[in-house]
Protein chains: 2
Amino acid sequence: MSAKSLDTDTEHLIKETAKRVFFTEGRFNATTQEIADAAGVNRTLINYYFRSRNNLFEIVFQDAQIQEHDLMEKIIFSNLSFKEKISQHLDTFFEQTKKYPYLEIYMVTQMNQGNCYKDKEHMNMLLDKFYLEVAVEMEKGNIDKMRPEQFVLNFVSLMSFPVSMRPLLQETMGFNNESYDKLLEERKDVIMNTLFIK
Amino acid sequence: MSAKSLDTDTEHLIKETAKRVFFTEGRFNATTQEIADAAGVNRTLINYYFRSRNNLFEIVFQDAQIQEHDLMEKIIFSNLSFKEKISQHLDTFFEQTKKYPYLEIYMVTQMNQGNCYKDKEHMNMLLDKFYLEVAVEMEKGNIDKMRPEQFVLNFVSLMSFPVSMRPLLQETMGFNNESYDKLLEERKDVIMNTLFIK
DNA sequence: GAAATGTTTGACAAAAATGTCAAATAAATT
DNA sequence: AATTTATTTGACATTTTTGTCAAACATTTC
């Protein structure tokens with residue numbers, strides 16, 4: 001039981017499928033039937049393992065939070081230089097968003113439906129540490145002077161928006177999948193140049 | 001009939017309420033009952049005026065597109081200098097997003113559910129015109145050199161992301177409503193400084 | 001002010017989605 | 001191999017949401 005393959009563990013399969021439907025495909029109001037179909041299992045197994053649809057959704061939401069959180073933690077507690085931290089984080093982020101492009105949008109829609117974010121305390125501690133580093137870089141003249149919070153907003157905006165909003169941006173800007181992928185690949189350099197003073 | 005007040009025109013009231021529920025409150029899977037309640041009308045009036053829930057949603061989606069479109073057109077066909085165009089657009093955008101912060105996210109979730117964007121042709125024409133202006137500014141040395149498309153991505157990202165993702169960002173960054181509002185107010189200057197070379 | 005038209009309402013029907021259960025099957029334990 | 005336990009299934013019940021309709025009401029038109 002403990003050595004059971006994760007691939008065939010139905011509970012795990014359902015959860016991963018739900019994540020795929022939400023975070024990868026962005027179908028935020030998929031029904032339990034649709035998720036069950038996508039997982040290739042009987043719908044009532046969702047009730048067996050998760051009791052209710054709501055419960056499954058809450059668990060998936062928590063998972064999403066942890067994922068965001070871990071990514072954040074990784075960048076802050078590495079002992080790279082500031083610039084390298086940013087650079088590294090861009091790599092991990094773009095890697096992760098290939099799998100789950102709609103993770104952040106999902107969280108927003110959930111929060112707008114009354115679901116709320118947990119573990120603010122710890123996150124704040126991480127951020128305060130980061131703000132200090134940002135301030136140091138400003139003193140050194142490596143980045144423009146502004147409130148560190150604004151730098152963080154710039155950073156996450158430049159990084160996330162083109163991914164999260166891809167359907168809208170790709171369509172309005174007249175790209176096809178291939179050319180938009182290319183655009184995204186080029187973004188790392190663009191972002192580094194935008195954030196740091198040459 | 002033609003001179004009827006728009007405030008009491010039920011059809012109009014329902015549509016505006018739906019927009020409020022979706023774009024202002026971000027409750028993307030509100031039921032027809034919830035929308036009717038929010039509008040203070042009988043639910044079946046939605047069927048009377050819009051035939052089906054789906055039809056209402058499509059109409060609202062179209063409205064959203066037109067709104068985005070008009071905003072885009074405004075900036076491009078003004079005869080201000082490039083920098084003033086950007087500046088002006090930031091003002092209009094922030095003004096608009098006070099009313100409809102979740103308009104863009106709504107469009108993305110709709111598109112992920114199979115709804116698709118219309119009128120690409122015209123939008124492309126607008127963008128091409130804008131790309132040319134961007135290129136000129138780069139030549140002049142007012143903005144960093146990059147593909148004009150990347151400049152547009154930077155621009156919209158810096159502008160939209162902190163608004164669209166507000167629930168997530170505000171929570172994770174530990175702001176309250178008031179302090180986040182303040183942060184947003186400061187953003188115009190930050191964005192101008194980030195986009196333009198001093 | 002009577003007839004015609006447009007609007008609103010509640011009762012009901014239909015559809016869609018979720019949840020429950022007992023029986024069937026499979027797996028583990030003795 | 002028999003028994004216990006865990007998993008899976010389909011049939012059914014419940015709940016939620018949407019759509020229809022005729023009657024009530026209001027407004028306009030003649």
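**Exercise 1.** Find which element gives the largest share of the surface near DNA strand C.

*Solution.* Start with the model: it is predicted. Next, list the elements that give two or more residues to this surface: α3 (44-50) of chain A and α3 (44-50) of chain B. Then pick out the largest share. It comes from α3(B), with four residues.

**Exercise 2.** Sort the residues of the surface near DNA strand C into nonpolar, polar and charged.

*Solution.* Take each class in turn. Three residues are nonpolar. Eight are polar. Two are charged.

**Exercise 3.** Name the residues that come nearest to DNA strand C, and state how much of the strand's share is sugar and phosphate.

*Solution.* There are 13 residues around the strand. From chain A, A:Thr32, A:Arg43 and A:Arg53 are among the nearest. From chain B, B:Thr10 and B:Tyr49 join them. Now turn to the DNA side. Of the strand C atoms that come within 4 Å of the protein, sugar and phosphate account for 54%.

**Exercise 4.** Decide which part of DNA strand C, base or phosphate, pairs with the side chains of A:Arg43, A:Arg53 and B:Asn42.

*Solution.* Check each side chain. For A:Arg43, an N or O atom is 2.7 Å from a base oxygen. For A:Arg53, an N or O atom is 2.3 Å from a phosphate oxygen. For B:Asn42, a polar atom lies 3.3 Å from a phosphate oxygen.

**Exercise 5.** Locate A:Ile86 in the largest nonpolar core and list its contacts beyond four places in sequence.

*Solution.* The core holds 130 residues. A:Ile86 is one of those touching the most other members, along with A:Phe22, A:Phe151, B:Phe22 and B:Ile86. Now leave aside neighbours within four places in sequence. A:Ile86 then contacts A:Phe130, A:Phe151, A:Phe155, A:Met192, A:Leu195 and A:Phe196.

Note on methods:
Residues are numbered from 1 along each chain as its sequence is written. Chains are lettered from A and ligands numbered from 1 in the order in which they are written. This is a predicted model: local features need pLDDT of at least 70, side-chain atom pairs count only at pLDDT 80 or more; totals for chains, interfaces and linings use all residues. Side-chain values use heavy atoms; hydrogens and water are left out. A nonpolar core is a set of buried Ala, Val, Leu, Ile, Met, Phe, Trp, Tyr and Cys residues joined through side-chain atoms within 4.5 Å. Buried means under 20% relative accessible area, exposed over 50%, partly exposed in between (1.4 Å probe, protein chains only). Contact means heavy atoms within 4.5 Å. A residue is near a molecule or strand if one of its heavy atoms lies within 4 Å of it. A polar contact is a pair of N or O atoms within 3.5 Å; within protein, one must be able to donate a hydrogen and the other to accept it, and residues adjacent in sequence count only if both atoms are side-chain atoms. Ala, Val, Leu, Ile, Met, Phe, Trp, Tyr, Cys and Pro count as nonpolar, Asp, Glu, Lys and Arg as charged, and the others, Gly among them, as polar.
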